[in-house]
Amino acid sequence: MNIHDLSQYIVAIIAEFAKRYQLTDQQAARYLNRYHAIEMCQKHYGFMHTQSFESNIEYLSVYCQRMGGQL
């Protein structure tokens, strides 16, 4: 795994999640971090980066809700 590619992917996921839920990038990053979604993205990057951002954002939303998130 290339750390540069992973970093760019995480930044892009945060930005897309922020757009979807009308949050700032900082708010989205805090939310995703709070519910361990960023850690999950790092762990499953090999699979996730082959999927569409739309489906990954949907998956992250469900994941965060399962972890107690309210968005």
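Begin by selecting Q26, which is found in helix α2. Helices here are DSSP runs of H or I with at least four residues, numbered from the N terminus. At 57% relative accessibility, Q26 counts as exposed; exposed means over 50% relative accessible area, buried under 20%, and partly exposed in between, with a 1.4 Å probe and protein chains only. Now add E58 to the selection: Q26 and E58 are 32 residues apart in sequence, and their C-alpha atoms are 19 Å apart in space.

The model is predicted, so that local features need pLDDT of at least 70 and side-chain atom pairs count only at pLDDT 80 or more, while totals for chains, interfaces and linings use all residues. Residues are numbered from 1 along each chain as its sequence is written, and side-chain values use heavy atoms, with hydrogens and water left out.

**The two sides of α2**

Select A28, Y31 and L32, which are buried in α2. Viewed down the axis of α2, the buried residues fall within an arc of 95 degrees, so they line one face of the helix. The arc is that of the directions from the helix axis to the C-beta atoms. An α-helix has 3.6 residues a turn, so residues three or four places apart point the same way. Next, colour Q26, R30, N33 and R34, which are exposed on the other side of α2. What covers the buried residues of α2? The cover includes α1, α3 and α5. Just after α2, select H36, which takes a positive phi of about 65 degrees.

**Where α1 meets α2**

Show α1 and α2 together: they pack at an angle of about 105 degrees, with their axes 8 Å apart. The axes are lines fitted to C-alpha atoms, for helices over the stretch in contact, and angles run from 0 to 180 degrees between N-to-C directions. That angle makes α1 roughly perpendicular to α2, a term for angles of 65 to 115 degrees. The residues to select are I14, A15, F17 and A18 of α1 and D25, A28, A29, Y31 and L32 of α2, which make the contact (heavy atoms within 4.5 Å).

**Aromatic rings**

Rings of Phe, Tyr and Trp (its six-membered ring) pair if their centres lie within 6.5 Å; planes under 30 degrees apart count as stacked, over 60 as edge-to-face and the rest as tilted. By this rule there are six aromatic pairs. Select F17 and Y31, a stacked pair with 5.7 Å centre to centre and 20 degrees between the planes. This pair links distant parts of the chain, with F17 in helix α1 (residues 3-20) and Y31 in helix α2 (residues 25-34), 14 residues apart. Both F17 and Y31 are buried. Extend the selection to Y21 and Y35, since ring pairs link F17, Y21, Y31 and Y35 into a cluster.

**Where α1 meets α5**

Turn to α1 and helix α5 (residues 53-66), which pack at an angle of about 75 degrees with their axes 10 Å apart. That makes α1 roughly perpendicular to α5. Select Y9, A12, I13, E16, F17 and R20 of α1 with F53, N56, I57, E58, L60 and S61 of α5 to see the contact.

Is N56 buried or exposed? N56 is buried, with a relative accessible area of 4%. Leaving aside residues up to four places away in sequence, N56 touches Y9, I13, M48 and Q51.

**Last stop: H44**

Finally, select H44 in the loop between α3 (37-43) and α4 (45-48). H44 is partly exposed, with a relative accessible area of 35%.

Notes:
Angles under 35 degrees count as roughly parallel, over 145 as roughly antiparallel, 65 to 115 as roughly perpendicular and the rest as oblique.
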